[in-house]
Amino acid sequence: MPPMPPRCLWDLRGNEERRHTLEVLPAPSRASLVPHKCWGASVGGGQGPGLGGEVPRPLMCPCPFRPTWSSSFRTPRDPKLEAPAEEDVWEILRQAPPSEYERIAFQHGVTDLRGMLRRLKGMKRDERKSTAFQKKLQPAYQVSKGHKIRLTVELADPDAEVKWLKNGQEIQMSGRYIFESVGTKRTLTISQCSLADDAAYQCVVGGEKCSTELFVKEPPVLITRALEDQLVMVGQRVEFECEVSEEGAQVKWLKDGVELTREETFKYRFKKDGQRHHLIINEATMEDAGHYALRTSGGQALAELIVQEKKLEVYQSIADLAVGAKDQAVFKCEVSDENVRGVWLKNGKELVPDSRIKVSHIGRVHKLTIDDVTPEDEADYSFVPEGFACNLSAKLHFMEVKIDFVPRQEPPKIHLDCPGRTPDTIVVVAGNKLRLDVPISGDPAPTVIWQKTITQGKKAPAQPAPDAPEDAGASDEWVFDKKLLCETEGRVHVETTKDRSIFTVEGAEKEDEGVYTVTVKNPVGEDQVNLTVKVIDVPDAPAAPKISNVGEDSCTVQWEPPAYDGGQPVLGYILERKKKKSYRWMRLNFDLLRELSHEARRMIEGVAYEMRVYAVNAVGMSRPSPASQPFMPIGPPGEPTHLAVEDVSDTTVSLKWRPPERVGAGGLDGYSVEYCQEGCSEWVAALQGLTERTAMLVKDLPTRARLLFRVRAHNVAGPGAPVTTKEPVTVQEILQRPRLQLPRHLRQTIQKKVGEPVNLLIPFQGKPRPQVTWTKEGQPLAGEEVSIRNSPTDTILFIRAAHRMHSGTYQVTVRIENMEDKATLVLQIVDKPSPPQDIRVIEAWGFNVALEWKPPQDDGNTEIWGYTVQKADKKTMEWFTVLEHYRRTHCVVSELIIGNGYYFRVFSHNMVGPSDRAATTKEPVFIPRPGITYEPPKYKALDFSEAPSFTHPLTNRSVIAGYNTVLCCAVRGSPKPKISWFKNGLNLGEDARFRMFSKQGVLTLEIRKPCPFDGGVYVCRATNLQGEAQCECRLEVRVPQ
């Protein structure tokens, strides 16, 4: 079934019922309209309640914003709610208290509120009875900008002249202002209304007038780009930006539903830039958090502002260092905010950088580098972030190498702070330098061997390093990953002196983990220490989170731990969200989430969101996970309204209801209907699946059972709350007396033309279903041309093509047992009449001929309205109308030309039209010349020139719209005059709808299929060198009733 026009819903029942229901639904509030609704540019003809005017008609077109989501949710369909009816601003202002004036003006686009209130106060409904007006103008009208409006009055005198005034000035007809005159109705049509047409209008007839006020309503201002959610810290600047469809439009900013006024400019700053509007908060505070909205006359945009206290997270703190003389000491820390600056302190005093001490800040990492460490550098070092009450401290230990006198042939020894033979664990952050500094002693100088054990295989010693210093007395060997490497190969570097061996790996990686064995040898002996190196890093990015339990403004987010935790336990997780079409991610938590799920709240229903998660360990924060599948918070609809029982039979119950007041962004998928026995709690589904209609016939119910019924609305979020019938319904037919409801237009004689269809619908009441009987003139209907169609509530008499024989008196009877009701209808089928009879010429004298005829034999089953008499010259046989709508059966045709022969014919007319043929005289009638005595003319010098003069002027005409019309007159003059035709002062020479003929002084203007706009004053003007003459007539074009 195709969609019906707005605000109405047709429900066509099955053939077995033949029932049709028209239900007018309530208009939703403006707040329920979505900003991407489309409005059609067509113009309706309806009027507001109590006021006239045309309003734009909303078109139920598909919304242009229909993205394709994943299977986790569905695109919301348009609900079964229709577009709102046009509201009458005049009536709203009249009934509203003064405190509501500003809000109403903003909502309905009133730019001059004071002027409109002044006009409203001056309105007075004139209840006095008028002698000039049958129906006056309404006190006020309203129309949308760009549409058209019709102001109509009805006059007591159909021939009275009217004037239309705008603010006291007379309106002249133009392309935008059109005057119409149909019978007693006078209409002023204003096309393409603009704000200049917002004025007071008056219609003046003689000494009386009626007034009205016209309000031109601005089109609603729509939001073309919505607001974005904001997440800021205390003290940061906030700027909301929104774009609307009109430049300079009036908008309102609201916070948590309360309007932000201009008096609060010390805190809020409002800015307009063409179609863009800005709300600026220079320094955000905790009190500024909330929902901000920009409202226009056509919708609103909503965004959330979250303000967080400044809280700095330390991803990596500085660590104590033990550094030898002339070495480099590097303190490094990482914090959560890359914009935070800080100060380095040494024993509580600010450290001043110089050529040896360098301070750097790259992103979130702060470094303090001290080259060529000396004993004076041993101290407590601290990093203090600016603006935060915290500091990061560490101690620098200076390792002084004590050289004791050692007799020669000393066995080698490795000197460490903790020289235990159990492996010591050295932790390094991935990306940092791995530096293993091992002090050694021995005489002669020992050979140092570095080995790394990754697997359980045998450690393989490396060859001596070729570039070892000669004075060292030995060479170095090391094995990395079971491969022989050079001292400076790739990222690895080994440096060995007499008293120490330094093993360095640039940019430590996961593969560098393992147990490193340092072995020193000389001829006296050897020493060995195992060093365990552990490389830690930030965790891997978690997998994309999964969304479940989506509600009206919340959802549950679940995720899995990362595949690799970076070598450190995961401390928690950080969750972020964003709108699907936005690029701004907003953090949802500042305290780490310990669990693997979180319930996210404070989302806007109907907006698509995405989620992502970070994993955090002691090293830092991982890369973000892939975004989740888009999802949309949607709540279930409200309960349906106005549930009512429409009809009950022995086995069926007919229900109807209206859509819920709250539908939500999920739209409506349909309704479920259930019933249960009184006193029972088990509900039975009345149908499988859902129905999209707001009415239903429940069948196959047990007779005499007492049942309760309930209806639920469903959408993608699930079923809403049910609405239940207040009282149990007894399934039993109720006896109702039969009664015919004969429409008013069928209570008088029904006239139809031959060939037209006849469709007479008569509603009736009665239970059980009455028996319907039709008769004509007391006899049952017979014949295939007349068909009867019956339904439970009405009966139809249908004739596909009417004939004269179908005329007569019809009677319909409805009967239930011994009760009945009757109605009588009179059908009259009319046709064109036959031509008149026995036309003859009674007498001819001078320039005149007297004709007589008899009425037609067949009047077409209706009254004869008159006759049309025409004449034709025997030479040309062109027919000219002499008389129209002539009521008598005899006439005199005058002003004939002497010496010519004429034929005459007569048509008969009734309500259907003229007869197909005409009665024509058989022989021509000659106009004889009178006998005279010839006298030779006396020639004189005469001037034969003559100014134009009309021998037969134009006559006023009243014609029916749609039939070609001819205006005729005759003129004489020498030289031949130039002929011009005018309508209401406008020359018709260039209009293709009018044809002009001039033959032998007879002037004809043919108007093709005139309409009411062609009515007016027509002037024929003849001009030559001697002067000019003109004649005029009034033409009225009537619309068939």
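How many bridges pair strand β15 with β16, and in which sense, parallel or antiparallel? Keep that in mind while you go through these points; the first one is about how far to trust what you see.

1. Remember that this is a predicted model. For the protein chain, the mean pLDDT is 80, with 82% of residues at 70 or more. Residues 1–85 are another story, with pLDDT below 50, although the model gives this stretch 169 contacts beyond near neighbours in sequence. Residues 456–486 also stay under 50, and there the model has 65 contacts beyond four places in sequence. Go easy on such stretches: where pLDDT is low, the predicted coordinates should not be read in detail.

2. Now the overall make-up. You'll be looking at strands a lot: the protein chain has 80 of them, plus three helices. Of its 1041 residues, 43% count as buried. Take the contacts between residues at least 6 apart in sequence, and 64% of them join residues at least 24 apart.

3. Here's a sheet to trace on screen. It is open, has five strands and mixed pairing, and runs in the order β13-β20-β19-β15-β16. At its edges sit β13 (230–233) and β16 (258–259), each pairing on one side only. As for the opening question, β15 (residues 252–255) pairs with β16 over two bridges, in the antiparallel sense. Want a landmark? Look for Leu-254, which stands opposite Glu-259 in β16. As general background, strands of a sheet pair through backbone hydrogen bonds, either parallel or antiparallel.

4. Next, try a hairpin. Strands β17 (residues 268–273) and β18 (residues 276–281) run antiparallel and are joined by six bridges. One residue to find here is Lys-271, whose bridge partner in β18 is His-278. Two residues lie between the strands of this hairpin, and Gly-274 in the turn has a positive phi of about 70 degrees.

5. Finally, the empty spaces. A search of the whole structure turns up two cavities of 30 Å³ or more. Let's visit the second largest, which holds about 40 Å³ of space. Which residues line the second largest cavity? They are Glu-228, Asp-229, Arg-577, Lys-578, Lys-579, Ser-582, Arg-584 and Met-586. Sorted by class, that lining has six charged residues, one polar and one nonpolar. Strand β42 (residues 572–579) supplies the largest share of the lining, three residues.

Conventions
Residues numbered from 1 in each chain as written. Predicted model: local features only at pLDDT ≥ 70, side-chain atom pairs only at ≥ 80, totals over all residues. Heavy atoms only, no water. 1 Å grid on protein atoms, 1.4 Å probe; cavity = no way out; pocket = protein on both sides within 12 Å on 5 of 7 lines; lining within 4 Å. Points joined across faces, edges and corners; volume = space filled by probe spheres on them. Helix = DSSP H or I, 4+ residues; strand = E, 2+ residues; numbered from the N terminus. Nonpolar A, V, L, I, M, F, W, Y, C, P; charged D, E, K, R; others polar. pLDDT = per-residue confidence, 0-100. Contact = heavy atoms within 4.5 Å. Pairing = 2+ DSSP bridges. Buried < 20%, exposed > 50% of the residue type's maximum accessible area, 1.4 Å probe, protein only.
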